Amino acid sequence: MGILAISNLLSKSTNFNEIQEYTELISKNVSRLDEFIHNLLEYYKIKRGELTIKLIDFNELLATLAEMYESDAKSKNISMTYEVEQDEEFNNDPLVIIVAIQNLISNAIKYFLLFNFKSIS
């Protein structure tokens, strides 16, 4: 995942500023991984029928997910962009939406090189 990609870049770098940047990215990704584990536990609550319906802000959600996958994409020279047009309120369980979008982003990065795409939008 992203942490492995960053640690690979870190092991090849001799530039102090790059090392510092990669270390900060690892720290961010470890925090996000911790959050992911928490979300995974919440997912199993959902499987048991325990939904938590909340207002979803797709701008905030996609910004968080884009940052989470940024290092993985960067390590593979992949440019990622997103655009949100949310005119209406959307209520759902945030975890269900997060898991679905994480799947989409992860698969896009995974198959990016296979299909020789230029960027992910």
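This briefing describes the overall build, the empty spaces and three chosen residues of one protein structure.

The structure is a predicted model, in which local features need pLDDT of at least 70 and side-chain atom pairs count only at pLDDT 80 or more, while totals for chains, interfaces and linings use all residues. Residues are numbered from 1 along each chain as its sequence is written, and side-chain values use heavy atoms, with hydrogens and water left out. The protein holds four helices and four strands, where helices (H or I, at least four residues) and strands (E, at least two) are DSSP runs numbered from the N terminus.

**Overall build**

- Read along the sequence, the elements follow the pattern α-α-β-α-β-β-α-β, and the C-alpha atoms fill a box of roughly 50 × 30 × 25 Å along the principal axes.
- Of the 121 residues in the protein, 26% are buried, a term that stands for under 20% relative accessible area, whereas exposed stands for over 50% and partly exposed for values in between, with a 1.4 Å probe and protein chains only.
- Among contacts between residues at least 6 apart in sequence, 75% join residues at least 24 apart, a contact being heavy atoms within 4.5 Å.

**Surface and charge**

- The accessible surface comes to about 8,600 Å², and carbon and sulfur atoms account for 54% of that area; accessible areas come from the Shrake-Rupley method with a 1.4 Å probe, and for residues only the protein chains shown count as cover.
- The protein has 11 positive and 18 negative charges, and the mean positions of the two sets are 10 Å apart.
- In that count Lys and Arg are positive and Asp and Glu negative, with His and the chain ends not counted, and each charge is placed at NZ of Lys, CZ of Arg, CG of Asp or CD of Glu.

**Pocket and cavity**

- Both kinds of space are sought on a 1 Å grid over the protein atoms alone: a cavity is a set of points where a 1.4 Å probe fits but cannot get out, a pocket is an open set with protein on both sides within 12 Å along at least five of seven lines, and lining residues have an atom within 4 Å of a point.
- Grid points are joined across faces, edges and corners, and a volume is the space filled by probe spheres set on the points.
- The largest pocket holds about 470 Å³ of space, and its lining has 24 residues, of which Asn39, Leu61, Pro94, Leu95 and Ile98 lie nearest its centre.
- Helix H2 (16-47), strand S1 (54-55), helix H3 (58-75) and helix H4 (94-112) each supply at least two residues of this pocket lining, and H2 gives the most, with eight residues.
- A search of the whole structure finds one cavity of 30 Å³ or more, and the largest cavity holds about 40 Å³ of space.
- Leu25, Lys28, Asn29, Arg32, Glu67, Met68, Glu70 and Ser71 line the largest cavity, with H2 and H3 each supplying at least two residues of that lining.

**Three residues in helices**

- Lys110 is found in helix H4 and counts as exposed because its relative accessibility is 54%; Lys110 and Ala73, 37 residues apart in sequence, are 9.4 Å apart in space, C-alpha to C-alpha.
- Phe112 also lies in helix H4, but Phe112 is buried, with a relative accessible area of 4%, and its C-alpha atom is separated by 19 Å from that of Leu9, 103 residues apart along the chain.
- Asn8 belongs to helix H1 (residues 2-12) and is partly exposed, with a relative accessible area of 37%; Asn8 and Ser75 are 67 residues apart in sequence and 8.7 Å apart in space, C-alpha to C-alpha.
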